[in-house]
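Subject: Structure for your review

Dear colleague,

Please find below the structure that I am handing over to you. I should be grateful if you would keep it open while reading the notes that come after it.

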Amino acid sequence: MLISQRRLTILIQDQNDCIPKFSQSNYQFRLSESTPVGFPIGHIHAVDQDLSPDFRHVEYKFINNEHNHLIQIDANNGSIYLTERLSA
């Protein structure tokens, strides 16, 4: 059995008083070569407690993602999807 791992680093950018906090300090998602395209790999979630409701919105995106042909993240809800079939 071949196993491959990839690490994604998340950079948090904030524009005002409170930095967003993730619901977990570490996220791990597992999938196999048979995982279908469009499959939701996992979900990340952060909350921003800024005083102004206008600045509480959290937007998710990958920056400098060398695997952007394989995975994408929903900017509004943090769901991560497989966008291309995996190969051995």
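The notes below set out what was found, beginning with the overall fold and ending with individual residues.

Please bear in mind throughout that this is a predicted model.

Overall fold

The secondary structure of the protein consists of five strands and zero helices, and the pattern along the sequence reads β-β-β-β-β. The protein has 88 residues, of which 23% count as buried. If one takes the contacts between residues at least 6 apart in sequence, 50% of them join residues at least 24 apart.

The three-stranded sheet

Three strands make an open sheet in the order E2-E5-E4, and their pairing is antiparallel. Strand E2 (40-43) and strand E4 (71-73) are the edge strands, each pairing on one side only. From one strand to the next, the twist averages 20°.

Strand E5 (residues 79-82) pairs with E4 in the antiparallel sense over three bridges. E2 and E5 also run antiparallel and are joined by three bridges. Which residue of E5 should one look at to see both pairings? Ile80 is the bridge partner of Ile73, and Ile80 is also the bridge partner of Gly42.

The contacts of Ile80 can be followed from there. Neighbours within four places in sequence aside, Ile80 is in contact with Phe29, Phe39, Pro40, Ile41, Gly42, Ile44, Phe62, Ile71, Gln72 and Ile73.

The nonpolar core

Ile80 also belongs to the largest nonpolar core, which has eleven residues in all: Tyr27, Ile41, Ile44, Ala46, Val58, Tyr60, Leu70, Ile71, Ile73, Ile80 and Leu82. E4 and E5 are the elements that give two or more residues to this core. As general background, nonpolar side chains in soluble globular proteins tend to be buried together.

The aromatic cluster

A search of the whole structure finds two aromatic pairs. In one of them, Phe22 and Tyr27 meet edge-to-face, with 6.3 Å centre to centre and 75° between the planes. In the other, Tyr27 and Phe29 are stacked, with 6.2 Å centre to centre and 25° between the planes. The angle of 75° is over 60 degrees, and therefore the pair of Phe22 and Tyr27 counts as edge-to-face. The angle of 25° is under 30 degrees, and so the pair of Tyr27 and Phe29 counts as stacked.

These ring pairs link Phe22, Tyr27 and Phe29 into a cluster. Are the rings of this cluster on residues that are buried or partly exposed? Tyr27 is buried, with a relative accessible area of 17%. Phe22 is partly exposed at 26%, and Phe29 is partly exposed at 31%. The limit for buried is under 20% relative accessible area, which is why Tyr27 at 17% falls within it. Tyr27 is also one of the residues of the largest nonpolar core.

The hairpin of E4 and E5

Gly78 lies in the loop between E4 and E5. The hairpin of these two strands has five residues between them, and Gly78 takes a positive phi near 80° there. With a relative accessibility of 0%, Gly78 counts as buried.

What does Gly78 touch, residues up to four places away in sequence not counted? The list is Gly42, His43, Ile44, Tyr60 and Ile73. One of these, Gly42, is 36 residues from Gly78 in sequence, while the C-alpha atoms of Gly78 and Gly42 are 8.4 Å apart in space.

The loop between E3 and E4

Two residues in the loop between strand E3 (46-47) and E4 may be of interest to you: Asp48 and His67. Asp48 is buried, with a relative accessible area of 5%. A polar atom of the Asp48 side chain lies 3.1 Å from the backbone nitrogen of Asp50.

His67 counts as buried at 12% relative accessibility. Between His67 and Thr83 there are 10.0 Å from C-alpha to C-alpha, and the two are 16 residues apart in sequence.

With kind regards,

A colleague

Notes:
Residues numbered from 1 in each chain as written. Predicted model: local features only at pLDDT ≥ 70, side-chain atom pairs only at ≥ 80, totals over all residues. Heavy atoms only, no water. Phe/Tyr/Trp six-rings, centres within 6.5 Å; stacked < 30°, edge-to-face > 60°. Buried < 20%, exposed > 50% of the residue type's maximum accessible area, 1.4 Å probe, protein only. Pairing = 2+ DSSP bridges. Helix = DSSP H or I, 4+ residues; strand = E, 2+ residues; numbered from the N terminus. Axes fitted to C-alpha atoms, helices over the stretch in contact; angles between N-to-C directions. Core = buried A, V, L, I, M, F, W, Y, C linked by side-chain atoms within 4.5 Å. Contact = heavy atoms within 4.5 Å. Polar contact = N/O pair within 3.5 Å; in protein donor to acceptor, adjacent residues only side chain to side chain.
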